[in-house]
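Subject: Structure for you to look at

Hello,

Here is the structure I said I would pass on. My notes follow below it.

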Amino acid sequence: MYIGKTLPERPIPFEQFDPDYLANYVRDNILPKCVTERQKLICQNFVDHASAECKGDFETLMASCSRRRQDYRRWGKGDDGLMEGIQPQSYDELCVFYGNLVTFNLFVIHLELEKFIVGEDTLVLEGNVHQMYPGAMLPVAFGIEPDDEDAVYMLTIRMALFFIFDEDGMGCGEQSYTNGDPTEASFVKVPNEFVPQRFWDNMKKQQELQDADD
C-alpha cells in the first residue's frame with residue numbers, strides 16, 4: 001500500500017494517537033489482500049507481534065519471535081547498526097530488549113503508515129513513528145534534559161523498517177533506517193489526559209513490581 005504522498009515529519013494530534021492503529025490497519029486492510037500462503041503467514045505474524053507490542057504483552061510478543069536467530073539493527077549513523085550492543089542478536093538478548101521496552105514504559109507507539117510492502121521473507125514499512133516516553137527516560141536514552149521529568153513526551157521520527165522472518169514464518173529480525181538522531185525538537189509534552197491508559201496502567205504495575213522486589 002501507498003497513501004499517495006509523503007508524510008510531513010510532525011507530531012500527530014494527541015487525540016489521534018492510537019497504539020492499536022498499525023496492527024488493526026494491517027489486519028483489516030493488508031492481510032486480506034495477501035496472495036500466497038507465505039505472505040499470509042508472515043503478515044499474520046506481524047499482526048500478532050505488533051498487537052502484543054503495543055499492549056506491552058511480553059509473553060505474547062516473545063511467542064511471535066523466532067528462537068532460531070535474531071538480527072536487530074538501527075541504521076542512520078554510518079555504523080554497523082548495532083548501536084554499541086543495544087540491538088539484540090539472539091532470542092535471549094531479544095527477551096532483555098523487549099523486557100526493557102515494557103519495564104521502562106516505551107511500548108506505547110503509533111506508527112503512521114505511508115508505505116507497506118509484503119514480500120516472502122520480509123515486510124517493509126515506512127512512515128512516522130510517534131512514541132510515548134516518560135520524561136525521566138529522555139536523559140538516559142538521548143542525553144536530552146526535559147522541562148519536566150514527571151511528564152510524558154511524544155517522540156516523532158521518520159523511519160523505514162524491514163521485518164525479517166525465518167523458515168517457519170516467525171519474526172527473526174527488525175532493521176530500521178532513520179533520518180538522524182532525535183533532538184529536543186523531536187519531542188512534545190503530552191497532556192496527561194491524552195496519554196493512553198495502558199501507559200499509566202503499566203507504570204503502576206512496574207512500580208508495584210519494584211516495590212515488591214525491595
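A residue is called buried when its relative accessible area is under 20%. By that cut-off F187 is buried, because its relative accessibility is 9%. Please keep in mind that this is a predicted model.

Aromatic pairs

F187 has an aromatic partner, Y133, and the two rings sit edge-to-face, 6.0 Å centre to centre with 85° between the planes. Y133 belongs to strand β3 (residues 122-134) and F187 to strand β6 (residues 187-190), so the pair links parts of the chain that are 54 residues apart. Y133 is also buried, at 8% relative accessibility.

How many aromatic pairs are there by this rule? The count comes to 13. One of them is F46 with F163, again described as edge-to-face, with 4.9 Å between the centres and 80° between the planes. This pair links distant parts of the chain: F46 is in helix α2 and F163 in strand β4 (residues 152-165), 117 residues apart. F46 counts as buried because its relative accessibility is 2%. F163 has a relative accessible area of 10%, so F163 is buried as well. Together with F116, these two residues make up one aromatic cluster.

Helix α1

Which residues of helix α1 (residues 21-30) are buried? They are L22, A23, V26 and I30. Viewed down the axis of α1, the buried residues fall within an arc of 100°, so they line one face of the helix. The spacing fits a general rule: an α-helix has 3.6 residues a turn, so residues three or four places apart point the same way. What do the buried residues of α1 pack against? Their partners are α2 (37-55) and β2 (109-118). Helix α2 is also where F46 of the aromatic pair is found.

Q131

Strand β3, which holds Y133, also contains Q131. Is Q131 buried or exposed? Q131 is buried, because its relative accessible area is 10%. What lies 2.7 Å from a polar atom of the Q131 side chain? It is the backbone oxygen of L106. L106 is also among the residues that Q131 touches, leaving out those up to four places away in sequence. The others on that list are L101, V108, I109, Y153, M154 and L155.

That is what I have for now.

Regards

Key
Residues numbered from 1 in each chain as written. Predicted model: local features only at pLDDT ≥ 70, side-chain atom pairs only at ≥ 80, totals over all residues. Heavy atoms only, no water. Buried < 20%, exposed > 50% of the residue type's maximum accessible area, 1.4 Å probe, protein only. Helix = DSSP H or I, 4+ residues; strand = E, 2+ residues; numbered from the N terminus. Arc of directions from axis to C-beta. Contact = heavy atoms within 4.5 Å. Phe/Tyr/Trp six-rings, centres within 6.5 Å; stacked < 30°, edge-to-face > 60°. Polar contact = N/O pair within 3.5 Å; in protein donor to acceptor, adjacent residues only side chain to side chain.
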